[in-house]
Amino acid sequence: MTLKKLPLDVVIAERNTGAEIDEVEVENETQYRASLVFKIDSSINPIIYKLFTNPVFVSLPPCRPGPKGTQHEVHMRELPRYQKNIWTIEQLKEHQPDDDTDDDTSMIINATGTGAEVLARAWCSERGRNAVVRRPGGPCFVCSVRAAGKGSLETGVLIWVD
């Protein structure tokens, strides 16, 4: 993790406080920007995410037991509807806002590798996106996608950790 000191406009800070500010107050008013640096085995260059925002992450409880157990069955003809817009952590840096063309389809981040969840959360912070996080023992795939989508939590992002 790196911290970058952001420049402070002393004139504006003095105007806001109504008085001249000393070095201690300058230090207190100075803001910093955190960045996380990741090295992925398949990439030569490190991947850097700047933590611009503080997103909300929601972990889901397991599915309620149904007539066929805790995992819900999905008919094969319905499965393609839920398997759209899936991104690996290696692809995330290239994601653009216009890649989310279908407002009804949540973005699914495959964060099943070691350290992948941290990278996915850093991406959310850089892009200002809240997310649903599906952990081991959590709900089934379909319930997780539905929770992130319209009519539910509406985060538009599902981080699949299991």
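## Two sheets and the helices that pack on them

Strand 1 and strand 2 (residues 32-38) are joined by 4 bridges and run antiparallel. The model described here is predicted. Within this pair, K4 has R33 of strand 2 as its bridge partner.

Strand 1 and strand 2 belong to an open sheet of 3 strands, arranged in the order 1-2-3 with antiparallel pairing. Strand 1 and strand 3 (47-50) are at the edges and have a single partner strand each, so one side of each has no neighbour in the sheet. On average, neighbouring strands of this sheet are turned by 30° against each other, with direction ignored. Helix 4 packs on this sheet, where it touches strand 2 and strand 3, and its direction makes about 45° with that of strand 3.

One residue of strand 1 deserves a separate look. L3 is placed in strand 1, which covers residues 2-5. Is L3 buried or exposed? The relative accessibility of L3 is 59%, and L3 counts as exposed because exposed means over 50%. Together with M1 and Y32, L3 makes a nonpolar surface patch of about 380 Å².

The other sheet is also open. It is formed by 5 strands in the order 4-7-8-6-5, and the pairing is parallel. Its edge strands are strand 4 (57-59) and strand 5 (86-88), each of which pairs on one side only. From one strand to the next, the twist averages 25°.

At one edge of this sheet, strand 5 is joined to strand 6 (residues 107-110) by 3 bridges, and the two run parallel. Here I86 stands opposite I108 in strand 6.

Which strands does helix 4 (residues 116-127) lie across in this sheet? They are strand 4, strand 6, strand 7 (131-134) and strand 8 (157-160). Helix 5 (residues 141-148) packs on the sheet as well, touching strand 6, strand 7 and strand 8. The table lists the angles of the helices to strands of the two sheets.

| Helix | Strand | Angle between directions |
|---|---|---|
| Helix 4 | strand 3 | about 45° |
| Helix 4 | strand 8 | about 165° |
| Helix 5 | strand 8 | about 145° |

Helix 4 thus has a place in the description of both sheets: it touches strand 2 and strand 3 of the antiparallel sheet, and it lies across strand 4, strand 6, strand 7 and strand 8 of the parallel sheet.

Terms used. Residues are numbered from 1 along each chain as its sequence is written. This is a predicted model: local features need pLDDT of at least 70, side-chain atom pairs count only at pLDDT 80 or more; totals for chains, interfaces and linings use all residues. Side-chain values use heavy atoms; hydrogens and water are left out. Patches are made of residues with over 30% relative accessible area and no salt bridge: like charges are joined within 9 Å, nonpolar side chains (Val, Leu, Ile, Met, Phe, Trp, Tyr) within 5 Å. Accessible areas come from the Shrake-Rupley method with a 1.4 Å probe; for residues, only the protein chains shown count as cover. A salt bridge is a side-chain nitrogen of Lys or Arg within 4 Å of a carboxyl oxygen of Asp or Glu. Buried means under 20% relative accessible area, exposed over 50%, partly exposed in between (1.4 Å probe, protein chains only). Two strands pair if DSSP finds at least two bridges between them. Axes are lines fitted to C-alpha atoms, for helices over the stretch in contact, and angles run from 0 to 180 degrees between N-to-C directions. Contact means heavy atoms within 4.5 Å.
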